Amino acid sequence: MKILANDGISKSGISKLEKSGFKVITDHVNQNDLIKYINENKIEVILVRSATEVRKDIIDQCSSIKIIGRGGVGMDNIDVDYAEEKGLKVINTPASSSQSVAELVMAHLFNISRNVFDSNRNMPKNGETEFKVLKKKYAKGIELRGKNLGIIGFGRIGQNTAKYALGAGMNVIAYDPFIDEAKIELSIAEQIIKVNISTTNINDLLEKSDFISLHVPMPKDGKPVIGSEEFKKMKDGVRLVNAARGGVVDENALIDAIKTEKVSFAALDVFVGEPKPSKDLLLNDKISITPHIGAATLEAQDRIGTELADKIINFYNQ
Ligand code: NAD
């Protein structure tokens, strides 16, 4: 049985699959050549991350496919309902990357509290000649300890982010229309500390938060969760992180909110129109930017690979 891991898969995943008799192909096939490649090679399982799309055309024209697998959470690059209607199995690895995304969010929170990202841009260029000017420019940092972090979407990643934020001494305010309360367990020096967090309403969160981080799926109606109306309700100088999906925050409204200093800093790991994000965001000196690397750690990729392998092996053993 042949598996095409078109956006790659960890060595641990490959080794598990090969031990069970699968042939794993990790060559990247261009989107336009996929149908031909799958049919010529009789691929039964196609594995993707966020880059390759598996749409109706592939589902309709590639009868050898039995499983579509997504390494990660968001399935917006797969026509899931259509695939399932046609009897295909669609799998993903929802929990494997939560820890890594939460850690990236903390990296961005520390970054935008001290403007580290902009300092990293300017020190190599001007550090030798304008050290004192830069020192003054970056002298207005703030501490995370004691600040309110508003978490919008209190599922796996939201709750993992809460663990780190509580550890850093932040107060967590959460909003999630489907979760009333979450029990957060912090493991510190082999002791478990339990913290119950009740969610609040969105307006309360927007009004009280010093930092806001989004951990929601892209709404089905395509409307951003944060747009100009929501920005208006936030504290002046609020700092915002989006490591959920591009489009969850209205990018134009964000740029406007930065211009009016409603938002002092933002951090983005995800963008509308990936892999070609808007230049206005990339060049904005108030935005810390990473190229959708929330799940891109060795540990998360390892877990993703082995979780996919287990699910595929189980499917064929049924
Ligand atoms: P999850 O399903 O565990 O949690 C999402 C939560 O959002 C749910 O509890 C849901 O009730 C809530 N929610 C839905 N709509 C909401 C709304 N309008 N307002 C507030 N809450 C709402 O998902 P997760 O594993 O925590 O992942 C969250 C998002 O993170 C995913 O949608 C995915 O796109 C993104 N993600 C990004 C990366 C990355 O590399 N940056 C990696 C993995 C996941």
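1. Let's start at a loop: Lys 42 sits between α2 (34-41) and β3. Its phi is near 50 degrees, which is positive even though the residue is not a glycine. Lys 42 is exposed, because its relative accessible area is 60% and the cut-off for exposed is over 50%. Keep in mind while reading on that this is a predicted model.

2. Next door in space is Ser 64, from the loop between α3 (56-61) and β4 (67-70). Not counting neighbours within four places in sequence, Ser 64 touches Ile 38, Lys 42, Ile 43 and Glu 44. Unlike the exposed Lys 42, Ser 64 is buried, at a relative accessible area of 18%. That value is worth a glance, since buried means under 20%.

3. Now the strand that follows Lys 42. How many residues of β3 (residues 43-48) are buried? The count is 6 of 6, so the strand is mostly covered. β3 has a parallel partner in β1 (residues 2-5), with 4 bridges joining the two, and Leu 4 stands opposite Ile 46 there. β3 also pairs with β4, again in the parallel sense and over 4 bridges; in that pairing Leu 47 faces Gly 69.

4. For an antiparallel case, go to β8 (residues 181-188) and β9 (residues 191-198), which are joined by 8 bridges. One of the pairings puts Ala 182 of the first strand against Ile 197 in β9. The two strands make a hairpin with 2 residues between them, and in the turn Ala 189 has a positive phi of about 45 degrees.

5. Asp 118 is an acidic residue to look at by eye. Helix α6 (residues 116-126) holds Asp 118, and the residue counts as buried because its relative accessibility is 3%. Which residues does Asp 118 contact, leaving aside neighbours within four places in sequence? They are Lys 137, Tyr 138 and Asp 285. As a distance check, the C-alpha atoms of Asp 118 and Leu 134 are 10.0 Å apart, with 16 residues of separation along the chain.

6. Two backbone details toward the end of the chain deserve a look. The peptide bond from Glu 274 to Pro 275 is cis, with omega near 10 degrees, and Pro 275 belongs to the loop between β12 (263-268) and α12 (279-282). His 292 is another non-glycine residue with positive phi, near 50 degrees. His 292 lies in the loop between β13 (287-289) and α13 (298-317) and is partly exposed, with a relative accessible area of 25%.

7. Finally, the whole chain. There are 13 helices and 13 strands. The radius of gyration is 22 Å, close to the 20 Å from the globule rule for 318 residues, so the chain is as compact as a globular protein of that length. Along the principal axes, the C-alpha atoms fill a box of roughly 60 × 45 × 40 Å. Buried residues make up 48% of the 318. Among contacts with a separation of 6 or more, 60% come from residues 24 or more positions apart.

8. On surface and charge: the accessible surface is about 16,500 Å², and carbon and sulfur atoms account for 50% of that. The chain carries 43 positive and 43 negative side chains, and the centres of these two sets are 3 Å apart.

Key. Residues numbered from 1 in each chain as written. Predicted model: local features only at pLDDT ≥ 70, side-chain atom pairs only at ≥ 80, totals over all residues. Heavy atoms only, no water. Rg over C-alpha atoms; globule rule 2.2 N^0.38 Å. Buried < 20%, exposed > 50% of the residue type's maximum accessible area, 1.4 Å probe, protein only. Contact = heavy atoms within 4.5 Å. Areas by Shrake-Rupley, 256 points an atom, 1.4 Å probe, with all protein chains shown as cover. Lys, Arg positive; Asp, Glu negative; His and termini not counted. Charge placed at Lys NZ, Arg CZ, Asp CG, Glu CD. Pairing = 2+ DSSP bridges.
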